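Dear colleague,

I am passing on the structure we spoke about, with the sequence alongside. Please have it open while you read the notes underneath.

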Amino acid sequence: MTFSPSLDRQIRYLGEESQRNIEKDKIAIIGDHESDCLLKDVLVQLVMMGSRDITLISTGRIQPNEYWYGMKLDDKEPGNFYRVHKLASWIKKVAPLVRISSFAEPTTDRNTLRLLEEMDTIFECSNNPYSKRIAMSAPEVRVYSVSCSGSRTSFHYNPFKRSDDAALMEDYAGISQSPIMSMTGSGFAVQAYAMQIRAQKDLLKKTLHYRLHNSDPFSAENEACKLIPGSLDDLFLEAIG
């Protein structure tokens, strides 16, 4: 398999086998009807990382004068009044090797549930705890849960997907996502995914959870960003920092 030259430094770190795993991974990104900041940022980072099979799921509608990375999300084009349709159309133009599809359906829809069960990895990026519970119910699927507000972001991954995992994000319910904290939270989630792909046997068995407030500097000594026992500890902090 020939890789893009733009992935050269990443392949040196992850290895060719890990890069092949990233490219063949079937990934779903779930957004939120109120705000899709995290969905958009996770999408960009995964495409830049070399992901080739991505499905976007969100009922979020384009708002008046809404921009994304300098691009106006115009809702005047037929069928493009949902963000996920517009984003998928844009990705097809700038990254034609990516197989991307979009569904403007709630996670409670039966077709959506069947779709999630076909995935290898799910990034649940909404601020809706109920949506997170549904995503975590998908068997044999890795689920990365991330939420954010205007001042904080939280990320959670549990290989055993306990029923109470979604409760860790309940304080974000109904809150709009902020672009600044979205970039931070999406960075946590995608970096954790990359590092686990790199060492699947060990790290996919670890539980990760951390919270970060934007009023605190990010460092290994920052107690506002805590990792629970069994996390990636200094290795993950060093990679993110």
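What follows is a description of the empty spaces, one lysine and one helix.

Please keep in mind that this is a predicted model. I begin with the open spaces. The largest pocket has a volume of about 220 Å³, and 13 residues line it, those closest to its centre being Cys37, Lys40, Tyr67, Trp68 and Pro179. Two or more residues of that lining come from each of α3 (37-49), β3 (67-68) and α7. When the residues of this lining are divided by class, six are nonpolar, two are polar and five are charged.

The second largest pocket, at about 160 Å³, is lined by 15 residues, and those nearest its centre are Gly31, Thr59, Pro106, Thr107 and Asn128. Its lining is made up of nine polar, four nonpolar and two charged residues.

Helix α7, which was named above as a contributor to the largest pocket, runs over residues 179-198 and has 20 residues. From its first C-alpha to its last it reaches 28 Å, which is close to the 28 Å expected at 1.5 Å a residue. The helix is mostly covered, in that 14 of its 20 residues are buried.

Turning to enclosed space, the structure holds one cavity of 30 Å³ or more, and about 30 Å³ of space lies in the largest cavity. Its lining consists of Met136, Val143, Ser145, His156, Tyr157, Asn158, Lys161 and Asp165, and at least two of these residues are supplied by each of the strands β7 (142-148) and β8 (152-157). By class, this lining has three nonpolar, three polar and two charged residues.

The lysine that I would like to describe is Lys132, which is placed in helix α6 (residues 129-136). Is Lys132 buried or exposed? Lys132 counts as buried because its relative accessible area is 1%, where the cut-off for buried is under 20%. Its side chain reaches the backbone oxygen of Val146 at 3.2 Å. Leaving aside neighbours within four places in sequence, Lys132 is in contact with Glu124, Ser126, Ser145, Val146, Ser147, Ala166 and Met169. One of these contacts, Ser145, is also part of the lining of the largest cavity, and Met136, at the end of the range given for α6, belongs to that lining as well.

With best wishes

Key
Residues are numbered from 1 along each chain as its sequence is written. This is a predicted model: local features need pLDDT of at least 70, side-chain atom pairs count only at pLDDT 80 or more; totals for chains, interfaces and linings use all residues. Side-chain values use heavy atoms; hydrogens and water are left out. On a 1 Å grid over the protein atoms alone, a cavity is a set of points where a 1.4 Å probe fits but cannot get out, and a pocket is an open set with protein on both sides within 12 Å along at least five of seven lines; lining residues have an atom within 4 Å of a point. Grid points are joined across faces, edges and corners, and a volume is the space filled by probe spheres set on the points. Helices (H or I, at least four residues) and strands (E, at least two) are DSSP runs, numbered from the N terminus. Ala, Val, Leu, Ile, Met, Phe, Trp, Tyr, Cys and Pro count as nonpolar, Asp, Glu, Lys and Arg as charged, and the others, Gly among them, as polar. Buried means under 20% relative accessible area, exposed over 50%, partly exposed in between (1.4 Å probe, protein chains only). A polar contact is a pair of N or O atoms within 3.5 Å; within protein, one must be able to donate a hydrogen and the other to accept it, and residues adjacent in sequence count only if both atoms are side-chain atoms. Contact means heavy atoms within 4.5 Å. The expected span of a helix is 1.5 Å times one less than its number of residues.
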